[in-house]
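Please open the model in your viewer and keep the sequence panel at hand. The tour proceeds by selection, one region at a time.

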Amino acid sequence: MWWRRTERLTSYYLVANECGALTKRRYRCGLLWLSLACGDCYGWGMDVYNHPTFAMACQQFERVADRLGVPPDQRSRIKYPKRSVTVSLPIERDDGSLEVFAGYRVQHHLTLVATKGGLRYHPDVTLGEVAALAMWMSWKCALTGLPYGGAKGGIACDPRKLSISELERLTRRYTQEMIPFIGPQIDVMAPDVGTNEQTMAWMMDTYSMQMGYTVPSIVTGKPVALGGSLGRRESTGKGVAYLINRAMDTVGVRASNATAIIQGFGNVGSVATYALANFGLKIIAVSDVNGGIYNQAGLDTWKLNQFVAESGTVVGFPESEAITNEQLLTIPCDVLVPAALERQITEKNADKIQCRILAEAANGPTTPEADSILEQRGDIFVIPDILCNAGGVVVSYFEWVQDLQSFFWSESEVLDKLNRILEGAFVQTLTLSRKEKIPMRLAALSLGVKRVVEAKRLRGLYP
Ligand code: NAD
């Protein structure tokens with residue numbers, strides 16, 4: 001149950017839970033007031049994660065756990081984050097005023113070597129959203145065989161409204177506050193929405209200054225000049241394009257005849273766009289937070305690249321017509337690539353989507369309700385997010401390994417190793433999906449969750 005309110009203070013009231021029981025609290029979450037579920041709905045004390053994206057991740061998990069036969073008493077241990085940290089981040093704005101931002105870090109499971117996951121700067125970031133993204137990272141790392149638990153972090157801020165020096169102060173303060181909880185063998189961050197190589201450079205510098213020596217392996221996705229890996233910046237988008245190519249082979253779509261649409265033109269979306277254009281696909285629409293552009297004859301991606309570099313947005317690109325992000329999702333095409341935020345494909349538009357392949361470059365772009373509609377339709381081949389965008393964390397793992405060894409690889413070596421891991425994960429997912437006649441998402445999640453369950457079983461329960 002939801003209430004929209006504008007206050008930003010935490011208050012305590014008696015409210016009805018989703019299960020009908022009463023609880024004494026309401027939880028403030030940005031501008032939204034959420035009713036809290038009790039232990040029977042979300043697990044005792046875990047209501048701090050209450051958020052639609054976290055509920056979505058839990059719903060997916062429960063379906064997989066049912067399929068795998070995970071006993072009910074073990075589910076909470078596997079599902080809920082092991083550790084989550086909320087910090088307040090005071091920084092001085094350029095005008096001399098003081099502003100406090102909320103920062104989060106969630107480490108989903110600590111069963112393997114370290115936790116790994118991105119850092120997001122976006123106004124809608126909440127603890128619940130970050131927890132969902134951390135959970136998906138766990139399944140993704142397990143699916144691709146990486147020795148990590150999932151993690152995610154974020155700061156509720158609009159990076160477009162902060163100057164470079166304000167962003168630097170905010171990033172350094174966040175890193176400072178996180179120092180007790182992170183480390184190359186504990187938790188390693190990387191870029192996500194609203195952050196980039198520069199953000200990682202500031203984090204690495206702040207951490208290293210505190211340690212008294214340089215620690216490149218504290219973050220991945222940093223500039224190559226500071227120990228970053230060749231190929232990391234492009235790895236997620238190139239991985240997306242590689243898997244689309246495999247999906248096209250699987251369903252019999254020829255690249256030279258195919259059209260593609262990309263929602264979100266940031267790091268992942270833009271690299272995927274150029275890679276798909278290189279494979280011969282015609283890019284007919286792209287978008288960013290400002291809106292979309294469309295040309296049925298195909299967008300000139302070379303000119304688009306230059307236009308975005310100068311203007312900072314795809315909107316206004318000549319030789320195209322303006323469309324909204326909602327329209328973009330329902331234009332007929334062979335390949336649709338959501339590469340922006342969660343919950344873009346919902347029960348409201350899932351029956352209107354007209355693509356042959358849905359390549360989930362973003363994390364969580366499709367809600368479970370939309371999933372059931374797509375499953376019933378059966379005409380769309382889905383490359384689920386934990387597989388589709390795994391290229392980023394795979395090359396982050398390579399970067400971490402290279403930093404720990406101080407031994408660096410060529411770009412072709414990185415891309416070759418990346419493609420081999422993606423190929424293995426794709427084949428395993430497709431094989432399970434066909435053998436068990438289950439959707440690709442359920443197959444990918446089953447493989448990932450099963451490995452985490454097994455790792456926890458082998459380690460046992462301490463004490
Ligand atoms: P980014 O900040 O570089 O780009 C995000 C893009 O989405 C921007 O073009 C922005 O304008 C656009 N956008 C934001 N809100 C939008 C909206 N409502 N509609 C349409 N477009 C919108 O972020 P990114 O790193 O490219 O990440 C994109 C997605 O990929 C996220 O879901 C992220 O979690 C996922 N992802 C990223 C990586 C990585 O290596 N960066 C790895 C795995 C998954």
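The stops below cover confidence, domains, two sheets, the ligand shell and some local backbone features.

**Confidence**

Begin by colouring the chain by pLDDT, since this is a predicted model. The mean pLDDT of the protein is 92, and 91% of its residues reach 70 or more. Now select residues 1-38, where the pLDDT is below 50. Beyond near neighbours in sequence, this stretch has 62 contacts in the model. Where pLDDT is low, predicted coordinates should not be read in detail.

**Domains**

Next, colour by the domain assignment, which gives domain 1 (2-76), domain 2 (81-227) and domain 3 (233-390 + 427-447). Turn to the contact between domain 1 and domain 3: nine residues of domain 1 meet eight residues of domain 3. On the domain 1 side of this contact, four residues are nonpolar, three are polar and two are charged.

**The five-stranded sheet**

Select strands 6, 7, 8, 9 and 10. These five strands form an open sheet with mixed pairing, in the order 6-7-9-8-10. Strand 6 (83-92) and strand 10 (187-191) are the edge strands, each pairing on one side only. From one strand to the next, the twist averages 25°.

Start at the edge with strand 6, which runs antiparallel to strand 7 and is joined to strand 7 by ten bridges. To find the register, select Leu 89, whose bridge partner in strand 7 is Phe 101. The two strands form a hairpin with five residues between them, and in this hairpin Gly 96 takes a positive phi near 95°.

Move on to strand 8 (residues 114-122) and strand 9 (residues 148-156), which run parallel and are joined by seven bridges. Leu 119 marks the register here, standing opposite Gly 153 in strand 9. Now add helix 4 (residues 127-143), which packs on the sheet and touches strand 6, strand 7 (98-107), strand 8 and strand 9. The direction of helix 4 makes about 155° with that of strand 9. Helix 5 (residues 164-178) also packs on the sheet, touching strand 6, strand 7 and strand 9. Its direction makes about 140° with that of strand 6.

**The seven-stranded sheet**

Select strands 11 to 17. Seven strands form an open sheet in the order 14-13-12-11-15-16-17, again with mixed pairing. Strand 14 and strand 17 (381-383) each have a single partner strand, so one side of each is left without a neighbour in the sheet. Neighbouring strands are turned by 20° against each other on average, direction ignored.

Within this sheet, strand 11 (residues 259-263) runs parallel to strand 15 (residues 335-338), and four bridges join them. Select Gln 263 to see Pro 338 of strand 15 opposite. Helix 7 (residues 232-251) packs on the sheet, touching strand 15, strand 16 (357-359) and strand 17. The direction of helix 7 makes about 160° with that of strand 16.

Then follow strand 12 into strand 13 (residues 291-294): the two run antiparallel, joined by four bridges. Two residues lie between them in the hairpin that they form. Ile 293 is a useful selection, as Val 286 stands opposite this residue, and in strand 14 its bridge partner is Ala 322. Strand 13 and strand 14 pair in the antiparallel sense over three bridges.

**The ligand shell**

Which residues are closest to the ligand? Among the 24 residues that surround the ligand, the closest are Gly 264, Gly 266, Asp 288, Ala 362 and Gly 392. The elements that give two or more residues to this shell are helix 8 (267-279) and strand 12 (282-288). Helix 8 provides the largest share, three residues. By class, the shell has ten nonpolar, twelve polar and two charged residues. Restore the domain colouring: domain 2 and domain 3 both give residues to the shell around the ligand, so the ligand lies between them.

**Local backbone features**

Select Glu 319, in the loop between helix 9 (301-311) and strand 14 (321-323). Although Glu 319 is not a glycine, this residue has a positive phi of about 60°. For the last stop, select Tyr 462 and Pro 463, which are joined by a cis peptide bond with omega of about 5°. Pro 463 is placed in the segment after helix 15 (440-459).

Technical notes
Residues are numbered from 1 along each chain as its sequence is written. This is a predicted model: local features need pLDDT of at least 70, side-chain atom pairs count only at pLDDT 80 or more; totals for chains, interfaces and linings use all residues. Two strands pair if DSSP finds at least two bridges between them. Axes are lines fitted to C-alpha atoms, for helices over the stretch in contact, and angles run from 0 to 180 degrees between N-to-C directions. Two residues are in contact if their C-beta atoms, placed from the backbone, lie within 7 Å. pLDDT is the predictor's confidence in each residue, from 0 to 100. A residue is near a molecule or strand if its C-beta atom, placed from the backbone, lies within 6 Å of it. Ala, Val, Leu, Ile, Met, Phe, Trp, Tyr, Cys and Pro count as nonpolar, Asp, Glu, Lys and Arg as charged, and the others, Gly among them, as polar. Domain bounds come from an automatic or database domain assignment.
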